[in-house]
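Colleague: Before relying on this model, I should like to understand the grounds for each label attached to it. May I go through the labels with you in turn?

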Amino acid sequence: MIVGAHLDSWDLGTGATDNGTGSMAVLAAARALQKLGVKPKRTIRFVLFTGEEQGLNGSKAYVKAHQNELGKISGVLVHDSGTGKVLTIGLMGNYATRETVDRALYPLARVKEIGLAEPTLRSEGGSDHVPFDQAGVPASGAYKRTQIMTRRTIPRRTRSTACVGMT
């Protein structure tokens, strides 16, 4: 399993939101598992990629450098959603991973303060999970509210002709 984010930023964004927040979430997850004394049955790699904003350079290089190990990676979860509460996991259309993700998220969904939604099969590009997905490794991204909204959830008063046909 790989849990990752990217360290670089872009000229129109602040590094704190893209993607300092994801990098800190990855480090916090690693620290929490260590502090709790969790002994996973399989290796969990915590990776902070570089060059995401310049073309997914770090994750592409990682996939290339670790080609022989890709079959052993059970999944990749990338946090690149900026600030705001993560509500669900996007499964990149990979229905086969749905049952596993459901089992992992179900206990968290029951905690009111966390309030996770069901995983979505939605595919999203442009982040470090994509090179893994293209190489056949189940890869997912963390989504927040604005990333899982649909046309039906946009209040009528804010709709414009530009919103027509959004799904």
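Colleague: To begin with the whole chain, what percentage of the 167 residues in the protein do buried residues make up?

Modeller: Buried residues make up 34% of the 167 residues. The model is a predicted one. Its accessible surface comes to about 10,400 Å², and 56% of that surface belongs to carbon and sulfur atoms.

Colleague: How do you know which parts of the prediction score lowest and highest in confidence?

Modeller: The pLDDT, which is the predictor's confidence in each residue from 0 to 100, serves as the guide. The protein averages 81, and 86% of the residues score at least 70. Confidence is lowest in helix α5 (residues 145-148), with a mean of 53, and highest in helix α2 (residues 57-65), at 98. Over residues 149-167 the pLDDT is below 50, and this stretch has 11 contacts in the model beyond near neighbours in sequence.

Colleague: What is the order of the elements along the chain?

Modeller: The protein has five helices and five strands. From the N terminus on, they run β-α-β-α-β-β-α-α-β-α. Among contacts with a separation of 6 or more, 71% come from residues 24 or more positions apart.

Colleague: What makes β2 and β4 the edge strands of the sheet?

Modeller: The five strands form an open sheet in the order β2-β1-β3-β5-β4, with mixed pairing. Within that order β2 and β4 (86-90) each pair on one side only, and they are the edge strands. From one strand to the next the twist averages 25°.

Colleague: How do you know that β4 and β5 count as paired, and in which sense do they pair?

Modeller: At least two bridges are required for two strands to pair. Strands β4 and β5 (residues 139-144) share four bridges, in the antiparallel sense; they therefore qualify as paired. One partnership can be named: the bridge partner of Ile89 is Ala142 in β5.

Colleague: Which strands do α1 and α2 touch or lie across?

Modeller: Helix α1 lies across β1 and β2, running at about 150° to β1. Helix α2 packs on the sheet and touches β1 and β2, its direction making about 135° with that of β2.

Colleague: Why are the buried residues of α1 said to lie on the same side?

Modeller: The residues concerned are Asp18, Asn19, Gly22, Ser23 and Val26, in the helix spanning residues 16-36. They cover an arc of only 100° around the axis, which puts them on the same side of α1. Their cover includes β1 (2-6) and β2 (45-49). On the other side, Ala16, Arg31, Lys35 and Leu36 are exposed. Just after α1, Gly37 takes a positive phi of about 70°.

Colleague: What makes the buried residues of α2 line one face?

Modeller: Gly58, Ser59, Tyr62 and Val63 are buried in α2. Seen down the axis, the buried residues fall within an arc of 135°, so they line one face of the helix. What covers them includes β1, β2 and α4 (130-134). Lys64 and Ala65, on the other side of α2, are exposed.

Colleague: Why is His79 called buried?

Modeller: The cut-off for a buried residue is under 20% relative accessible area. His79 has a relative accessibility of 15%, so the label applies. His79 is found in the loop between β3 (76-78) and β4. Leaving aside neighbours within four places in sequence, His79 is in contact with Gly4, Ala5, Asn19, Gly22, Ala25, Val86 and Ala142.

Colleague: What is notable about the phi of Leu56 and of Met92?

Modeller: Most residues other than glycine have a negative phi. Leu56 has a positive phi of about 60° although it is not a glycine. Met92, also a residue other than glycine, has a positive phi near 55°. Leu56 is found in the loop between β2 and α2, whereas Met92 is in the loop between β4 and α3 (98-109).

Colleague: Are these two residues buried or exposed?

Modeller: With the cut-off at under 20%, Leu56 at 11% relative accessibility counts as buried. Met92, at 13%, counts as buried as well.

Note on methods. Residues numbered from 1 in each chain as written. Predicted model: local features only at pLDDT ≥ 70, side-chain atom pairs only at ≥ 80, totals over all residues. Heavy atoms only, no water. Buried < 20%, exposed > 50% of the residue type's maximum accessible area, 1.4 Å probe, protein only. Helix = DSSP H or I, 4+ residues; strand = E, 2+ residues; numbered from the N terminus. Arc of directions from axis to C-beta. Contact = heavy atoms within 4.5 Å. Areas by Shrake-Rupley, 256 points an atom, 1.4 Å probe, with all protein chains shown as cover. Axes fitted to C-alpha atoms, helices over the stretch in contact; angles between N-to-C directions.
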